[in-house]
Amino acid sequence: MNKPSDLKGLVLDPVTNDQRYIGVSEPRHSARRLLEGQGTYIDDIKLPRMAHVVYWRSPLAHMKIGKIHIEHARKMPGVLAVVDGVQMAKICKPWVATLGHLVGMKSAPQYALAIDRACWQGEPVVAVVAETRAQAEDALQHIDVEWEELPAVVSMETALDPATPLIHPELGDNLCFSRTLDVGQVDEAFANADVVAEATFGFGRHTGVTLEPRCQIADYNPGDKRLTVYHSQQAPHMMQDLYCRQFDLSESDVHVLCKDVGGSFGIKVHAYPDDFATVGLAIMLERPVKFVADRLESFTSDIHAREHRIKGRIAANKAGDILGFEIDDLTAIGPYSMFPRTSAIEGNQVVNLVGGPYKHQHYRANLNVVFQNKTPTCQYRGVGHPIACAVTEGLVDLAAQKLKMDPLEFRKRNVIPDDAYPCSGASGIKLEVLSHEQCLRKIEKMMDYPTLRKEQAELRKKGIYRGIGFATLIELTNPSPAFYGVGGARIASQDGASARLDPSGVVSILIGVGEQGQGTEGIFAQIAADVVGISIKEVRIVTGDTDVTPYGGGTWASRGAGVGGEAVLLACQALQVNILKLAGAILKRDPVDLVVHRSHVLDKATGEQLLPFSEIGRIGYFRTDTLPAGFSADLMVTRHYTQKDYPFIFTNGVQASYVEVDPDTGFVKLLKHWAVEDCGRVLNPMLVDEQVRGAIVQGIGGALFEECLYDDSGLLRNGSMADYLVPMANEMPDIEVAHVETPTQSSKLGAKGAGEAGTAGAPGAVMNAINDALAPFDVTVFDQPITGEKILRALGKI
Amino acid sequence: MSLKKKITLTVNGVEVTAEVEPRMHLVDFLREELHLKGPHLGCEQGACGACTVKVDGQIIRGCLYLAVQANGSVVETVEGLTKSGALADLQESFMRHNAMQCGFCSSGMLLAASELVEQQPKASREEVREWISGNYCRCTGYHAIVDAIVAVLDARAKGQKIKPVVANA
């Protein structure tokens with residue numbers, strides 16, 4: 001049994017014998033430069049002879065590309081090149097983004113610049129390169145493309161109708177992927193249930209809106225035939241591999257660097273057509289080419305996510321036990337599956353995750369992933385979790401309401417108990433160890449639930465409508481190769497770290513997982529300092545450079561702390577062993593009689609300081625002549641870590657939202673939000689708390705405000721930050737965060753991921769709170785974003 | 001083609017004379033001509049606040065303000081205000097509260113917060129939220145930023161400074 005009470009000792013046990021940083025709210029020292037305006041984002045970098053590219057993008061959702069007139073643009077001042085899809089395809093191969101383990105999945109070949117047809121508004125068609133950005137934009141106005149508008153598939157509801165035109169006739173239909181999961185006897189479970197509740201849930205398309213747009217600088221040196229790409233990206237080794245494959249290069253020819261990344265959230269973990277086009281231009285022109293998307297380009301070409309319509313139902317018995325769930329999910333992904341992670345993953349995750357926290361035995365899911373002529377969708381923070389959680393938790397509330405049970409009590413009764421692990425969920429997901437019961441108890445106390453219910457009842461008498469909503473959640477983190485590797489995608493689930501004692505006795509860590517603001521470098525420094533036994537001031541973290549760091553997967557699926565952190569821990573343990581071996585050789589002592597303590601090697605028995613790290617560095621690098629024959633100091637070591645015990649290490653948590661709904665205006669005021677999160681060992685409470693809060697706010701954005709709105713012809717109507725609403729400070733509530741720590745046994749560190757759970761739970765919690773507030777009117781809203789207009793419609797006021 | 005205008009302005013305490021195209025925005029002038037990379041471009045239409053700089057003591061959107069408009073003005077950016085120490089309390093407080101993640105919004109957020117600290121020293125938590133609502137942050141939940149600013153207001157009210165963050169040796 002892995003129940004948390006049995007693990008208590010482990011929870012409290014430190015990772016090292018002199019733990020000063022792990023588990024402490026140590027500030028991110030390396031982030032100071034960001035507060036002083038001294039970061040290095042892509043657009044801050046200037047290279048000699050650097051040119052600038054802008055893209056002429058399809059103005060229509062679907063069009064046949066005719067003759068492209070470039071003569072006028074080509075003659076504009078400063079213009080260096082104008083390149084179309086045919087020219088680009090001579091050096092960059094097309095790709096088809098499918099995964100082998102998503103059986104039957106299909107997509108069409110996609111090119112860096114569209115050839116013959118453009119399939120969404122925003123697809124890049126022609127590249128214009130000039131000496132300056134302004135000159136490139138001036139010339140862009142003079143690109144004249146003849147086109148013929150083709151019928152666009154806009155609505156996902158009709159995408160599979162026989163009368164709907166096919167986006168890629170060679171595929172035979174507009175279906176990208178479908179999946180059915182049936183664990184058996186679902187119909188019987190529903191037929192015999194005392195209570196069945198059902199609803200149709202809508203999830204609007206939204207997008208990540210990283211404050212720094214997507215951007216890169218590609219540089220090609222014809223002398224050594226080497227490509228260097230500075231990229232605002234989450235997975236530098238993945239991009240290195242893709243550039244190799246599409247341009248017929250080898251890893252030794254391609255160097256990818258990620259400096260400061262201005263927000264990512266999954267938007268910057270995909271390979272975009274313009275990524276390849278910019279690289280192709282650098283190769284053609286043999287000089288650096290910079291691409292920085294403007295905000296309209298971001299809205300039409302960054303991946304979108306979450307366009308789902310789900311019919312769901314839940315069965316329960318009179319005693320209050322959930323018997324089963326059933327869902328039917330329809331989702332649309334744009335005209336192509338996105339490279340290389342594919343666009344079927346989100347729907348697939350929904351199928352895997354619905355009902356995840358609960359102990360029901362019956363489950364059936366049906367999924368259709370269809371093509372349409374809108375911006376491609378792909379993995380954005382949470383990836384299916386916010387959808388699965390909102391559907392599950394919405395149905396759970398409906399069942400509780402029908403049973404006249406308190407929603408919190410109903411959840412307590414139905415979650416998989418804390419002493420039942422390891423076990424499998426109804427969908428077949430493997431759960432190592434979770435703490436739903438502890439989390440539910442904790443949130444009840446945190447929010448003072450009985451008092452809040454009393455307040456709600458009192459205010460209702462005065463015509464003030466407040467609601468309380470819960471969302472219990474699971475989140476998959478620390479992925480094994482089961483996520484992408486087994487499907488044939490060359491995306492590493494392992495990560496490596498090198499730990500090096502430098503001559504003066506300080507430590508450098510080189511690691512494949514980079515920093516996009518989460519505080520990754522901060523926690524790696526904490527781990528390194530504790531595990532080697534040194535001050536955090538003397539640790540330097542190096543990330544985001546494929547020439548330098550060990551091969552790794554980068555940032556996705558909440559793997560930075562759990563996978564990257566473990567690689568750092570293993571490398572630092574090995575470095576400490578080598579430090580002791582070297583000290584033993586210098587002192588002519590058996591290393592087992594020595595220990596490290598705060599940058600010194602001590603006599604284990606007496607605690608006497610024998611050698612400072614600076615002396616070990618000096619001898620290890622400059623006086624190796626004094627060491628025994630055949631002895632190698634090896635003050636740099638590399639270790640890799642793969643989580644192989646489970647397909648994923650699931651985390652869990654619960655959120656609660658307290659809202660006030662004005663039935664006259666439909667306005668929702670968020671009064672307060674609570675989250676209890678179990679991400680295993682908490683490495684830095686301050687960092688993880690605000691990461692949870694940031695994720696919650698992104699989840700609230702999707703639940704209340706954010707939606708990429710399209711007209712009937714497939715044109716985006718709100719491609720600006722003024723029209724596409726993301727949460728601002730004044731409309732967000734204070735968010736209280738607490739933790740339960742149930743470490744994973746799959747690593748020494750015991751850390752699980754934490755970056756996405758906030759986004760997973762917030763939409764369900766806020767939706768349930770709104771519906772709780774609306775309960776006296778006997779209406780519900782399950783279509784996100786839940787706007788004031790939708791609330792007034794539900795109330796019959798408009 | 002050359003419609004360039006000559007401008008003279010003071011940027012972070014140094015007088016600068018340059019010839020700029022009339023269409024060039026102040027933030028582009030600062031970033032491209034003076035290599036001050038602290039102000040960032042998030043939306044280029046005045047929505048996000050990442051390009052916030054100070055002109056004659058008042059914060060403005062660098063992407064909605066032309067460089068020629070700043071002729072004769074005193075311009076300050078996060079770089080200059082860091083050097084002068086004007087932002088020191090806020091920067092230390094942002095460090096202490098982890099009030100930044102990717103940092104792309106931070107220079108704008110700090111300048112907005114600094115104007116609040118000057119103009120509304122008794123601002124409530126809600127007023128702080130309202131004040132910084134012209135600056136998008138996509139990473140944090142705003143909670144830590146509000147905490148950090150409130151901590152500076154509290155310290156100032158007591159006549160105190162925010163203690164500099166030092167690494168725990």
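**Exercise 1. How confident is the prediction?**

Task: What average pLDDT does chain B have, and what share of its residues scores at least 70?

Solution. Start with chain B: its pLDDT averages 96, and 98% of its residues score at least 70. Remember that you are looking at a predicted model. Next, turn to the scores for the model, which are an ipTM of 0.98 and a pTM of 0.97.

**Exercise 2. Where the chains meet**

Task: How many residues of chain A are in contact with chain B, and which element of chain A gives the most to that side?

Solution. Step one is the count. A pair is in contact if the C-beta atoms lie within 7 Å. With this cut-off, 49 residues of chain A are in contact with 47 residues of chain B.

Step two is to find the elements involved. On the side of chain A that touches chain B, α2 (32-35) and α18 (685-705) of chain A each supply at least two residues. With 7 residues, α18(A) gives the most to this side.

Step three is to sort the residues of that side of chain A by class: 21 are nonpolar, 13 are polar and 15 are charged.

**Exercise 3. A sheet in chain A**

Task: In what order do the 3 strands of the open sheet in chain A lie, and is the pairing parallel or antiparallel?

Solution. First, read across the sheet: the order is β4-β2-β6 (chain A), and the pairing is antiparallel. Then look for the edges. These are β4 (117-118) and β6 (144-149) of chain A, each of which pairs on one side only.

Now zoom in on one pair. Strand β2 of chain A covers residues 63-69, and 2 bridges join it to β4(A) in the antiparallel sense. Try finding A:Lys64 in the structure: the residue opposite is A:Arg117 in β4(A).

**Exercise 4. Two domains in contact**

Task: Which parts of chain A make up domain 1 and domain 3, and how many residues does each bring to their contact?

Solution. Begin with the bounds. The domain assignment gives 4-39 + 494-641 as domain 1 of chain A and 383-481 + 645-794 as domain 3. Their centres, taken over C-alpha atoms, are 37 Å apart.

Then count the contact: domain 1 of chain A brings 25 residues and domain 3 of chain A brings 30 residues. On the domain 1 side, two or more residues come from each of α1 (8-12), α15 (520-533) and α16 (560-587) of chain A. Of these, α16(A) gives the most, with 6 residues.

Finally, sort the domain 1 side by class: 12 residues are nonpolar, 9 are polar and 4 are charged.

Conventions
Residues are numbered from 1 along each chain as its sequence is written. Chains are lettered from A and ligands numbered from 1 in the order in which they are written. This is a predicted model: local features need pLDDT of at least 70, side-chain atom pairs count only at pLDDT 80 or more; totals for chains, interfaces and linings use all residues. Helices (H or I, at least four residues) and strands (E, at least two) are DSSP runs, numbered from the N terminus. Ala, Val, Leu, Ile, Met, Phe, Trp, Tyr, Cys and Pro count as nonpolar, Asp, Glu, Lys and Arg as charged, and the others, Gly among them, as polar. pLDDT is the predictor's confidence in each residue, from 0 to 100. Two strands pair if DSSP finds at least two bridges between them. Domain bounds come from an automatic or database domain assignment.
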